[in-house]
Amino acid sequence: MFGFSKEATVENLSKLAQGRKWDKIKKNYLNADPETRVNLAKACSTVSSDDSINILTLLLDAPEESVKIAALQALTKVGND
């Protein structure tokens, strides 16, 4: 949709997440196409932080089931009470 899919691989998004580039992630990828948001959820599962959990929580509101499932799977890895 926005042309981010090529650079929005799980690997690339994981590097951003591990580098704590949360503002860039929110600005460029949170409202991207469903495939990118699924990759974003997977990337967030590599970082256990409040920011990661906040993004995953936002992804739970996505209209696409695939995005919601990916966010839930990621939350099982990094979520807490």
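Colleague: I see arginine 37 is found in helix 3. Does this predicted model make arginine 37 buried or exposed?

Modeller: The cut-off for buried is under 20% relative accessible area. Arginine 37 has 9% relative accessibility, so it counts as buried.

Colleague: What does arginine 37 touch, beyond residues up to four places away in sequence?

Modeller: Its partners include Tyr29, Leu30, Leu59, Pro63, Glu64 and Val67. There's a polar detail too: the side chain of arginine 37 reaches the backbone oxygen of alanine 32 at 2.8 Å. And the C-alpha atoms of arginine 37 and alanine 71 are separated by 8.8 Å, with their positions 34 residues apart along the chain.

Colleague: OK, on to helix 5. Which of its residues are buried?

Modeller: Start with the general idea: an α-helix has 3.6 residues a turn, so residues three or four places apart point the same way. In helix 5, the buried ones are Val67, Ala70, Ala71, Ala74, Leu75 and Val78. They sit on the same side of helix 5, because they cover an arc of only 140 degrees around the axis. Glu65 and Thr76 are exposed, on the face turned away from that buried side.

Colleague: What do the buried residues of helix 5 pack against?

Modeller: Helix 3 and helix 4.

Colleague: And how many residues does the largest nonpolar core have?

Modeller: 25, with Leu13, Trp22, Ile25, Leu40, Ile55, Leu56 and Leu59 making the most contacts inside it. Helix 5 gives the most to this core, with 6 residues. As for tryptophan 22, leaving aside neighbours within four places in sequence, its contacts include Ala17, Cys44, Val47 and Ile55.

Conventions. Residues are numbered from 1 along each chain as its sequence is written. This is a predicted model: local features need pLDDT of at least 70, side-chain atom pairs count only at pLDDT 80 or more; totals for chains, interfaces and linings use all residues. Side-chain values use heavy atoms; hydrogens and water are left out. A nonpolar core is a set of buried Ala, Val, Leu, Ile, Met, Phe, Trp, Tyr and Cys residues joined through side-chain atoms within 4.5 Å. Buried means under 20% relative accessible area, exposed over 50%, partly exposed in between (1.4 Å probe, protein chains only). Helices (H or I, at least four residues) and strands (E, at least two) are DSSP runs, numbered from the N terminus. Contact means heavy atoms within 4.5 Å. The arc is that of the directions from the helix axis to the C-beta atoms. A polar contact is a pair of N or O atoms within 3.5 Å; within protein, one must be able to donate a hydrogen and the other to accept it, and residues adjacent in sequence count only if both atoms are side-chain atoms.
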